[in-house]
Amino acid sequence: MERETQFIGQSAAFQDAVERASLAASLDRPVLVIGERGTGKELIAERLHRLSTRWDRPYVIMNCAAMPETLIESELFGHEAGAFTGATRTRAGRFEEADGGTLFLDELATMSMGAQERLLRAVEYGEVTRVGSSRPIRVDVRIVAATNEHLPALVDDNRFRADLLDRLSFEVITLPPLRAREGDIEVLAEYFGQRMATVLGWDEWPGFGPRALAAMEGHDWPGNVRELRNVIERAIYRWADPTKPVDALNFDPFASPWQPVVHKSAAKADGGGAPAAAAEPAPASTAMPTGAVSDLRAAVDAYERQILADTMARCRFNQKVAAEALGLSYDQIRHALKKHGLNQ
């Protein structure tokens, strides 16, 4: 399941974003990539590099959110030996590593105001100065940055520098969320499904059943393509019969009748006291479809089947335990399982 850089999708919104990235790639200017988590920001950044004139030069990635504020400037610009405690030797920063190529700054909005100020100088003048040094170093780096934040709002809130935003926003590519990519959910699901079936050694790919397809279309996909891939791959490896279409999805892998108890915060009125009693664990639930429904009966049946399939999986296919978890009698759950073809 190696990482791939190909783009899969047929919706106009998605194709427009990819086309804008292709168009901007040849220009040696900064680009901002905006989008929710899991929409493919890093893939767009890599496309911008691979289609540019810098394609054979370094492509350096830095996740700003993964760096403590005290180290981010050292990571970006490097440091001299003895510049701070633990700096036992001179180290080049990411800008120097990316000289002649592209530097991709992921989670840009998490960068401190101090680091933003030094980044501004590097972008504007093409110079960086290592921490602990007074000698600037010339660098030739193209900046591609990504975030899931609305940066103009952060500027208004004094959390992002307006002048840095001006320098970085020559082109802004905003990726559409999966729920806005009409027709792409099934296309992506088929792609991920075929790949997972191959990994598992299935003789052929049986596709998805109608209830699974209805559940996909009804889900809101807050994690976008990354979430879709996880849901599809999890469904396939749990599917017992590779000769039949996969027809059960589990959107929440944490849902379980034995999930850890969530404790309420301890009382703080007098600065002490006994902790509050543990809250009762909430019953695991399955996400209600939120998309447009053209056939109410089919949608309700699909949702009911999804709940039954998820509950049976959580209860290790013990019908009595599943019946108790759903507040049904043993006869009722047997009837429901038979109705939806889940009693095999």
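Which residue forms a salt bridge with arginine 159? The partner is aspartate 157, and the closest N and O atoms of the two are 3.6 Å apart. Keep in mind as you look at this pair that the model is a predicted one. Arginine 159 has a relative accessible area of 44%, so it counts as partly exposed. Aspartate 157, with a relative accessible area of 46%, is partly exposed as well.

A little further along the chain you will find arginine 161, whose side chain meets that of aspartate 163 in a salt bridge of 2.8 Å, N to O. Here arginine 161 is partly exposed, its relative accessible area being 22%, and aspartate 163 is partly exposed at 26% relative accessibility.

These pairs have company, for a search of the whole structure finds 20 salt bridges. One of particular interest joins the side chains of glutamate 171 and arginine 20, at 2.6 Å from N to O. Glutamate 171 sits in strand E7 (residues 171-174) while arginine 20 belongs to helix H1 (residues 12-25), so this salt bridge ties together parts that are 151 residues apart in sequence. Arginine 20 itself is partly exposed, with 38% relative accessibility. Elsewhere, salt bridges link Asp28, Arg54 and Asp140 into a network.

Now let us turn from charges to the nonpolar interior. The largest nonpolar core holds 37 residues, and those with the most contacts inside it are Phe208, Met216, Trp221, Leu228, Ile232, Val246 and Leu249. Helices H8 (184-199), H9, H10 (224-238), H11, H12 (319-326) and H13 (330-339) are the elements that each give two or more residues to this core. H8 supplies the largest share, with 7 residues. To get a feel for the surroundings of one member, try valine 246: beyond its neighbours within four places in sequence, it is in contact with Trp202, Trp205, Gly207, Phe208, Gly209, Ala212, Ala235, Ile236 and Trp239. Another core, of 32 residues, lies apart from this one and includes Leu32, Leu108, Leu120 and Ala122.

Two of the helices named above also meet each other. The axes of H9 (residues 210-218) and H11 (residues 296-314) come within 9 Å and cross at roughly 100 degrees. The two helices are therefore roughly perpendicular to each other. On the H9 side, Arg211, Ala214 and Ala215 make the contact, and on the H11 side Asp301, Ala302, Arg305 and Gln306 do so. By character, the residues of this contact are 3 nonpolar, 1 polar and 3 charged.

Key
Residues are numbered from 1 along each chain as its sequence is written. This is a predicted model: local features need pLDDT of at least 70, side-chain atom pairs count only at pLDDT 80 or more; totals for chains, interfaces and linings use all residues. Side-chain values use heavy atoms; hydrogens and water are left out. Axes are lines fitted to C-alpha atoms, for helices over the stretch in contact, and angles run from 0 to 180 degrees between N-to-C directions. Helices (H or I, at least four residues) and strands (E, at least two) are DSSP runs, numbered from the N terminus. Angles under 35 degrees count as roughly parallel, over 145 as roughly antiparallel, 65 to 115 as roughly perpendicular and the rest as oblique. Contact means heavy atoms within 4.5 Å. Ala, Val, Leu, Ile, Met, Phe, Trp, Tyr, Cys and Pro count as nonpolar, Asp, Glu, Lys and Arg as charged, and the others, Gly among them, as polar. A nonpolar core is a set of buried Ala, Val, Leu, Ile, Met, Phe, Trp, Tyr and Cys residues joined through side-chain atoms within 4.5 Å. Buried means under 20% relative accessible area, exposed over 50%, partly exposed in between (1.4 Å probe, protein chains only). A salt bridge is a side-chain nitrogen of Lys or Arg within 4 Å of a carboxyl oxygen of Asp or Glu.
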